[in-house]
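Grab a coffee and open the viewer: here are a few short exercises, each with a worked solution. Try each one by eye before you read on.

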Amino acid sequence: MTAFIERLFSSIFGDNSVLATIIISMVPIIELKGSIPFSMSKEIFKENALSLWQAFGCGLLGSSLVVPLLALIYAPIIRWLKGTKLFRKLGEKIENRVNSKKQNIEDDAQKERSQKKKKWGKIIGVFLFVAIPLPLTGVWTGTCIAVALGLNFVTTCVTVILGNVVAGLIITLVSMLFGDATLIFFYILLGIIAVLLLATLIKTLIKKAKSKKAQNIDSQSDFQSQETEIENAIKEEAFKDTTFQQVDGEVGDNNLSDKEERRDNDDPNI
């Protein structure tokens, strides 16, 4: 696998490990967390492998370049996606995921009384989200969350980039522990990310299956309710017909009795 990765990146970047690090750090999910240990790997880049702080600087630069661009285009892109038939579900899915992450930060910030403290609560929440280098966290999601929270452009960029600096320092220090085996650290990160993505996919599929099952149950309940309503309506109509016939019969009998009584009264022989 290492040989395959080496050939792949050599064909794309050649011996330019700096460019490779900057580009990889801009990729969602991998970002700075994966680019630092990867660029330090002598198995991949051999004598062109970056030093500890070179890897940190290039990874930080690449991942931070994403922040201002994403802060500007996130909201317009989501509006555009939701406004199209083809990508509406994708836009809603991205927005819902961001909003679910945003909600925890917003709930903590709302506990503060003053508006200033609430704003700082949001800023600190975004900073910590980016600064703790866990899988599926980072500048991409952090920037989207900051925009969704209503932070302005400058505040968003400064908060996310500062959090990215801290995350980069943590990853750099962990990479030091692996020495020349930083590629193992990279594979560990990829493995964790793959497991989390798989778990998220399975969770989504289970949720969809449950939702579909609930819809089917609701549809059956609605159908049974309609059948019951129809049966009740038929019974009501039948009851009305029966009642009308009885009333009509009673009226007919009364009319017949009246006729017989008048005839008896008119008959002189009686």
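**Exercise 1.** Find where Ile 29 is placed, then work out how open to solvent Ile 29 is.

*Solution.*
- Step 1: Ile 29 is found in the loop between helix 2 (17–25) and helix 3 (31–39). Keep in mind that we're looking at a predicted model.
- Step 2: Look at the backbone. Phi of Ile 29 is near 75°, which is a positive value in a residue other than glycine.
- Step 3: The relative accessible area of Ile 29 is 30%. Buried would need under 20% and exposed over 50%, so Ile 29 is partly exposed.

**Exercise 2.** Now do the same for Glu 31: where is its place, and is Glu 31 buried or exposed?

*Solution.*
- Step 1: Glu 31 sits in helix 3.
- Step 2: Phi of Glu 31 is near 50°, again positive in a residue other than glycine.
- Step 3: Relative accessibility comes to 4% for Glu 31, so this residue counts as buried.

**Exercise 3.** Step back to the whole chain and say how many helices and strands the secondary structure comes to.

*Solution.*
- Step 1: Count the elements: ten helices and zero strands. Reading from the N terminus, that gives α-α-α-α-α-α-α-α-α-α.
- Step 2: Check burial. The chain has 270 residues, and 32% of them count as buried.
- Step 3: Look at the contacts with a separation of 6 or more: 67% of these are between residues 24 or more positions apart.

**Exercise 4.** Describe how helix 5 and helix 6 pack, and list which residues meet.

*Solution.*
- Step 1: You'll want two numbers, since two packed helices are described by the angle between their axes and the distance between the axes.
- Step 2: For helix 5 (residues 52–82) and helix 6 (residues 88–109), the angle is about 140° and the axes are 7 Å apart. That makes helix 5 oblique to helix 6.
- Step 3: From helix 5 come Tyr 74, Ile 78, Leu 81 and Lys 82; from helix 6 they meet Arg 88, Gly 91, Glu 92, Ile 94, Glu 95 and Val 98.
- Step 4: Sort the residues of this contact and you get five nonpolar, one polar and four charged.
- Step 5: Don't skip the loop between helix 5 and helix 6, where Phe 87 has its place. Phe 87 is partly exposed, with a relative accessible area of 32%. Setting aside neighbours within four places in sequence, Phe 87 is in contact with Trp 80 and Leu 81.

**Exercise 5.** Check the span of helix 6, then find where helix 6 bends and which of its residues are buried.

*Solution.*
- Step 1: Helix 6 has 22 residues, so at 1.5 Å a residue it should span 32 Å. Its end C-alpha atoms are 30 Å apart, which agrees.
- Step 2: There's a bend of about 30° in helix 6, at Lys 102.
- Step 3: The buried residues of helix 6 are Gly 91, Val 98, Lys 102, Ile 105, Glu 106 and Ala 109. What covers them includes helix 5, helix 7 (115–131) and helix 8 (139–148).
- Step 4: Zoom in on Glu 106, in helix 6. Its relative accessible area is 18%, so Glu 106 is buried. Leaving out residues up to four places away in sequence, Glu 106 touches Lys 122 and Leu 149.

Notes: Residues are numbered from 1 along each chain as its sequence is written. This is a predicted model: local features need pLDDT of at least 70, side-chain atom pairs count only at pLDDT 80 or more; totals for chains, interfaces and linings use all residues. Side-chain values use heavy atoms; hydrogens and water are left out. Axes are lines fitted to C-alpha atoms, for helices over the stretch in contact, and angles run from 0 to 180 degrees between N-to-C directions. Helices (H or I, at least four residues) and strands (E, at least two) are DSSP runs, numbered from the N terminus. Angles under 35 degrees count as roughly parallel, over 145 as roughly antiparallel, 65 to 115 as roughly perpendicular and the rest as oblique. Contact means heavy atoms within 4.5 Å. Ala, Val, Leu, Ile, Met, Phe, Trp, Tyr, Cys and Pro count as nonpolar, Asp, Glu, Lys and Arg as charged, and the others, Gly among them, as polar. The expected span of a helix is 1.5 Å times one less than its number of residues. The bend at a residue is the angle between axes fitted to the seven residues ending there and the seven starting there. Buried means under 20% relative accessible area, exposed over 50%, partly exposed in between (1.4 Å probe, protein chains only).
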